[in-house]
Amino acid sequence: MRIASVVGARPQFVKLGAVSRAIAAERARGADLEEVVIHTGQHYDAGMSDVFFAELELPQPALNLGVGSGPHGEQTGRMLEALERGLRQVAPDVVVVFGDTNSTLAGALAAVKMGIPVGHVEAGLRSFNRRMPEEINRVATDHVCDRLFAPTREALRNLEAERLGARSELVGDVMADAVLFSVGKARETSQVVRRLGIGTGQYALATLHRAASTTREALPGLLEALEAVARRMDRLILPLHPRTAQAIRDICPGWQAPDRLVLTDPVGYLDMLALTEGARLVVTDSGGLQKEAFLLGTPCVTMRTETEWAETVEAGANLVAGTAAQGILDAVDRMLAAAGARDVLKARALECYGAGKAGQRIVKAVTNCRAW
Ligand code: UD1
């Protein structure tokens, strides 16, 4: 059986690792499985793509479609065209797509229209905010895929509410698999905390990259919030997504980060795990980082008006602070004051996301795709 995994953006490389390792494990047990990775080329910088393939020991893409950046319609359209050709060439028995990016939607649409069974990893997440491109990608992808792999009970409930329950199953979260697989290696090999000259537990870690965060209206206020957070801490480390670096150049050209706010290039997965685990607090607009912080026991403040990961909030690991500077700062103060025992958060996270078996369950279901 030939399984084609379609990926393209940074968080998908992390999710792919969990499935690839499970395929390799099945093959080692004698299963007749072949994995072909198709990279759309949505993310193309070495620091956004290559480093993840190396660190996570991912199979090299058999095809890189080189689609690159562009407005949504153009980017997704180019992917569809190239994927149709690529899938014809690869002729897989089944396609797997991951998460909620334009690469996810294009992979699902191309496959289903060619009559190839397609499964969605991380199905059923909803922010109920239709202004997020990722929300549109999720809803559309879930409704066209043949099999939906829900990471949490809430995600499964969302799918049932959209009458997709019959095609859905709860498998746990592949990002938990990824953290469990890599955290030991991150502790052993990452030099990032030393390189930045910061002490474990002395700094906060921030990321900022969403489309809605990098607009003319939102970006100045969020930078102001991060400056204020930096003043509360020894250091605030902010690895900059290329979209954000560009937005700062365009929208706030004179902006200078104060001394305590340390800007870096995007970091690889192992450095990101090390930074997250060593941080006193995470401040982010990312989805994945809210979970990674929870899994590593680090409290989180989310600079958005909603989250898809309600269990992080219910467990007291995350506060959804909105996007106004004062609200973010208040949430940071509350989290710093309330931060509970990290081991309790970690244990709770494993209960929510499954203890690293999601990839295995997905591969078991995928090998059964003729029955979908
Ligand atoms: C995409 C996903 C988002 C995910 C994020 C992770 C969609 C709609 N969004 O957003 O869900 O959280 O990836 O990073 O698919 N750029 C580079 N080099 C790169 C990649 C991007 O310079 O390797 C720049 C380009 O200027 C580009 C901009 O970043 O225009 C945005 O890239 P794009 O892939 O469109 O979306 P992301 O913001 O990365």
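**Exercise 1. Identify which ligand atom a polar side-chain atom of Asp 45 approaches, and then describe the surroundings of the ligand.**

Solution. Begin with Asp 45, where a polar side-chain atom and a nitrogen atom of the ligand are 2.9 Å apart; the model in which this distance was computed is a predicted one. Next, turn to the oxygen atoms of the ligand: a polar side-chain atom of Gln 42 lies 2.9 Å from an oxygen atom of the ligand, and an N or O atom in the side chain of Glu 134 is likewise 2.9 Å from an oxygen atom of the ligand. Then consider burial: the ligand taken alone exposes 740 Å², of which the protein buries 86%.

The next step is to widen the view to the 20 residues around the ligand, of which His 43, Asp 45, Asn 102, Glu 134 and Arg 243 come nearest. Sorted by character, the shell comprises 5 nonpolar, 10 polar and 5 charged residues. Finally, assign shell residues to helices: at least two come from each of α3 (72-90), α5 (133-144) and α10 (242-251).

**Exercise 2. Work out the strand order of the open sheet of 7 strands, and place the helices that contact its strands.**

Solution. First, read the order across the sheet, which is β3-β2-β1-β4-β5-β6-β7 with parallel pairing. The edges are formed by β3 (63-64) and β7 (168-170), each of which pairs on one side only. Second, inspect one pair in detail: β5 (residues 118-121) and β6 (residues 147-150) run parallel and are joined by 3 bridges, and Gly 119 has Arg 147 in β6 as its bridge partner.

Third, add the helices. Helix α3 packs on this sheet, where it touches β1 (2-7), β2 (34-39), β3 and β4 (94-98), and its direction makes about 160° with that of β2. Helix α4 (residues 102-113), in turn, lies across β1, β4 and β5 and runs at about 160° to β4.

**Exercise 3. Carry out the corresponding analysis for the open sheet of 6 strands.**

Solution. The strand order here is β10-β9-β8-β11-β12-β13, and the pairing is parallel. Strands β10 (261-264) and β13 (318-320) are the edge strands, each pairing on one side only, while the twist from one strand to the next averages 20°.

Within this sheet, 3 bridges connect the parallel strands β11 (residues 281-284) and β12 (residues 300-302), and Val 282 stands opposite Cys 300 in β12. To complete the picture, helix α11 (residues 269-278) packs on the sheet and touches β8 (203-207), β9 (235-239) and β11, with its direction at about 130° to that of β8.

Methods:
Residues numbered from 1 in each chain as written. Predicted model: local features only at pLDDT ≥ 70, side-chain atom pairs only at ≥ 80, totals over all residues. Heavy atoms only, no water. Pairing = 2+ DSSP bridges. Helix = DSSP H or I, 4+ residues; strand = E, 2+ residues; numbered from the N terminus. Axes fitted to C-alpha atoms, helices over the stretch in contact; angles between N-to-C directions. Contact = heavy atoms within 4.5 Å. Near = heavy atom within 4 Å. Polar contact = N/O pair within 3.5 Å; in protein donor to acceptor, adjacent residues only side chain to side chain. Areas by Shrake-Rupley, 256 points an atom, 1.4 Å probe, with all protein chains shown as cover. Nonpolar A, V, L, I, M, F, W, Y, C, P; charged D, E, K, R; others polar.
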